[in-house]
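User: Could you walk me through how this protein chain is put together? I am new to reading structures.

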Amino acid sequence: MSAYIEFRNVKKIYKMGEVEIEALAGVDFSIDKGEFVVIAGASGAGKSTILNILGGMDSLTSGNIFVDGKEISGYTSRQLTTYRRYDIGFVFQFYNLVQNLTVRENVELATQICKEPLDIDQTIEAVGLRERSRNFPAQLSGGEQQRVAIARALAKNPKLLLCDEPTGALDYNTGKQVLKLLQDTCRKQKVTVIVITHNLALAPMGDKVIHVKNGRIESIEINENPMPVERIEY
C-alpha cells in the first residue's frame, strides 16, 4: 500500500536579494493515513517550512509531494486554493480567532467554505466548549481559545490536520489538554494529524516521529506503542 503523504527530495530555497537560504535540503519521508506524526527540531530547522508546503501555503523549489495519490507539488494556484479549502485544517500557535464573533460563529465560518462540514454544535461539544458557544474569544482562556481553533479546523472535516506549535502559547496543564484532544481526534476520527514542535519530550506520543535538523531529516522513529499524553512529563 502506498503512503498517504510522500515527500521526495523536497528542496526549498528562499532568495533575499543576492543571498540564498536553503530551508530544506532534500527532504524525504512518508506518512500513512490516520497516523499521528510529530515533526520535531530546533527553531530554524525547517519544520514550519515542511508544514507550510504540505498545507499549500508555500511552494517548493524542487522535488515532489504526493497527498492521497495526487501530486500537489504540481498544482496551480487555483488548485492549491481548493486543496487548502477542502482538505486541510490548520491549527497555529496563536489562535487567529475573529474577535467579534462568538465561539459558534467562529466555527461556523469555517464550515461555509467546505463541501462536507461536520455538525457545528457536535464539534464544539467534542472539544468541551458546549457551555461557551455563545462567548466571545476575549471571554475565554488561552486553552479555550485554542480549543475553538481546533474545533474550527475539525469542522471542515479535513483529510489532514496540521498543527504548528499548538501548545506554544499555553501553560503546561492546558497544553497537555490540547495535545490530548489532538491525539484523541486522530484515534477516534481517523484524521491524519501532524504536530510540529521544538519539544522533544512530546516524541513518544507520535505513531511516527520525524526529526529535522538544518533542513534535512536527521532520523525517523516508529513508535509501536505511542504513549498517551497523560503519561508524558515535560
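Analyst: Happy to help; we will go through the domains, the contact between them and a salt bridge, keeping in mind that this is a predicted model.

User: Which residues make up domain 1 and domain 2?

Analyst: The chain is divided into two named parts, and one of them is written in several pieces. Domain 1 takes in 1–67 + 160–166 + 191–233, while domain 2 is 76–158.

User: How far apart do the C-alpha centres of the two domains lie?

Analyst: Here we take the C-alpha centre of domain 1 and that of domain 2. The two domains also touch, with 13 residues of domain 1 in contact with 14 residues of domain 2. Between their centres, the separation is 23 Å.

User: How much area do domain 1 and domain 2 bury between them?

Analyst: The size of an interface is often given as the accessible area lost when the parts come together. For these domains, 61% of that area is on carbon and sulfur atoms. The total buried is about 1,200 Å².

User: Which element gives the largest share of the side of domain 1 that touches domain 2?

Analyst: By class, that side has nine nonpolar, two polar and two charged residues. Five residues of it come from one strand, residues 160–164. That element is strand β7.

User: How many salt bridges are there between domain 1 and domain 2?

Analyst: The structure as a whole holds 14 salt bridges. Across the two domains there are eight residue pairs in polar contact. For salt bridges between the domains, however, the count is zero.

User: Which residue forms a salt bridge with K12?

Analyst: K12 sits in strand β1, and its partner lies 46 residues away in the loop between α1 and β4. The closest N and O atoms are 3.4 Å apart, within the 4 Å cut-off for a salt bridge. The partner is D58.

Conventions: Residues are numbered from 1 along each chain as its sequence is written. This is a predicted model: local features need pLDDT of at least 70, side-chain atom pairs count only at pLDDT 80 or more; totals for chains, interfaces and linings use all residues. Side-chain values use heavy atoms; hydrogens and water are left out. Domain bounds come from an automatic or database domain assignment. Contact means heavy atoms within 4.5 Å. Buried area is the accessible area (1.4 Å probe) that two parts lose on being put together, summed over both. A salt bridge is a side-chain nitrogen of Lys or Arg within 4 Å of a carboxyl oxygen of Asp or Glu. A polar contact is a pair of N or O atoms within 3.5 Å; within protein, one must be able to donate a hydrogen and the other to accept it, and residues adjacent in sequence count only if both atoms are side-chain atoms. Helices (H or I, at least four residues) and strands (E, at least two) are DSSP runs, numbered from the N terminus. Ala, Val, Leu, Ile, Met, Phe, Trp, Tyr, Cys and Pro count as nonpolar, Asp, Glu, Lys and Arg as charged, and the others, Gly among them, as polar.
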